[in-house]
Amino acid sequence: MKGKFAAKSFLAANNYVKKRIFYMKKFFTSESVTEGHPDKVCDRISDGILDAILTQDPMARTAIECCAAYDLLLIMGEVTTSAKVDYERTAREVIQKIGYNFGTFSFDKCKVIVAVHEQSSDIAMGVDASYEKKSKKDAGSEEDTLGAGDQGMMFGYACRETEELMPLPIMLSHKLAMRLSEVRKSGLLPYLRPDGKTQVTVEYEDKRAVRVDAVVVSSQHDREVSQERLRADIRKYVVDEVIPAEFLDADTKFYINPTGRFEIGGPEGDSGLTGRKIIVDTYGGRCAHGGGAFSGKDCTKVDRSATYFCRYIAKNLVAAGLADEVEIQVAYAIGVANPVSVFVDSFGTGKLPDDKLAEIIKKEFDLRPYAIIRKLGLRRPIYSETAAYGHFGRAGLPWEATDRAEDLKKYL
């Protein structure tokens, strides 16, 4: 008997040591892209058209997608609206604003094909009158009138790594990408072009970010600039302006335009597609993802609205001190107002058990689509600016508010 207890104690101690070694040092990487990246060009056009429609018709149903390749832009999808919007003109204005006034995909030269039709009547039937409304299980409140626009699972996340309550790697990657666009548009580095990518690797010790291990920046540029000048300028005016000095050391690695040249970019160099950068759009891979994209979709699509609300809930839970890190999953059935499940993982940081946190969410937050739309004000034209540099961690967006944090503290 003694030997069995000794063996168990040894195994427990050994497992503890293994866990400590795992958590003592690990590395996590996230990437971002600029608004001129071919996929982001498509996202921005999709959301630009959505905003143009919502300006005239807040009740519109839209699912706009774009595909861009070389000198061609295809605008496709489903729209049900009373708005009169010139899709081609809107797309060209977006392309011009991004900065493509040169090459085969120039705003005034590219070919545009529009293939848009009305939303399926089968889908509309489930959205217009929810399962709850049809079955009369409820008296038929206004919130229950609207069913979820699709089935699926949506995730939200928040943590204490940054003041935005976001993971550090994705926030640094976004800020690098934004800075690339800033120095290009301001004329500070006039030889830069719209396409670009960034990536940051952060080293953690016991779940605490301690240093930046690697920084990758690739930016499209004109033919005249030398690689020596480009690398020096991006290091000085982009990297050093964004990455806090305390996170950099002699072992930090910098890869600036590592291929050597990046003259051909945007859709001219690589095809683009709406919704292909969903990890860039969310948490940089730190949080699970249900698979649904955002851009071009109106707020009846829970892929977008419920994901935003999950972020809102997660951020308020962390701001309230109920957890230092939390991931939330909510799942829906098409045409049904109430979610079919709510799941919480606080990664051991919760001040209450995860099942208790899930119960608090169900009690304190109305997860029906109509209630989400009303709470966050999602029928407004607010989406164009979300199409690049992430949908989360951005000041001023309604799902970034922490207005429920004080009230939630009662559960502590």
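Good morning. By class, the residues around the second largest cavity comprise four nonpolar, five polar and one charged. I begin with this cavity, and I should say at once that the model before you is predicted.

How much space lies in the second largest cavity? The value is about 40 Å³. Its lining can be followed along the chain: Y100, F102, G103, T104 and F105 are among the residues that take part, and Q220 is also included. The lining is completed by G265, G266, P267 and E268. Which element gives the most to this lining? It is helix α8, residues 266-269, with three residues.

Let me now turn to the cavities as a group. The count comes to three cavities of 30 Å³ or more. The largest cavity has a volume of about 70 Å³. On its lining we find M153, M154 and F155, together with T282. A288, H289, G290, G291, G292 and F294 also belong to the lining of the largest cavity, as do D303 and T307.

Which elements give two or more residues to the lining of the largest cavity? They are β5, which spans 152-159, and α10, which spans 302-319. The largest share comes from β5, with three residues. As for the classes, the lining of the largest cavity divides into five nonpolar residues, six polar residues and one charged residue.

I move next to the backbone, and to two residues in loops. The first topic is N257. Phi of N257 is near 45°, a positive value in a residue other than glycine. Where is N257 found? This residue sits in the loop between β8, residues 253-256, and α8. The helix α8 has already appeared in this talk, as the element that gives the most to the lining of the second largest cavity. Is N257 buried or exposed? Its relative accessible area is 1%, so N257 is buried, the cut-off for that class being under 20%.

The other residue is F347. Phi of F347 is near 55°, again a positive value in a residue other than glycine. F347 lies in the loop that runs between β11, residues 341-345, and α11, residues 354-364. With a relative accessibility of 29%, F347 counts as partly exposed, because that class covers values between the 20% limit for buried and the 50% limit for exposed.

To close, I would ask you to locate N257 and F347 in the structure, noting that N257 is buried, whereas F347 is partly exposed. Thank you for your attention.

Technical notes:
Residues are numbered from 1 along each chain as its sequence is written. This is a predicted model: local features need pLDDT of at least 70, side-chain atom pairs count only at pLDDT 80 or more; totals for chains, interfaces and linings use all residues. Side-chain values use heavy atoms; hydrogens and water are left out. On a 1 Å grid over the protein atoms alone, a cavity is a set of points where a 1.4 Å probe fits but cannot get out, and a pocket is an open set with protein on both sides within 12 Å along at least five of seven lines; lining residues have an atom within 4 Å of a point. Grid points are joined across faces, edges and corners, and a volume is the space filled by probe spheres set on the points. Helices (H or I, at least four residues) and strands (E, at least two) are DSSP runs, numbered from the N terminus. Ala, Val, Leu, Ile, Met, Phe, Trp, Tyr, Cys and Pro count as nonpolar, Asp, Glu, Lys and Arg as charged, and the others, Gly among them, as polar. Buried means under 20% relative accessible area, exposed over 50%, partly exposed in between (1.4 Å probe, protein chains only).
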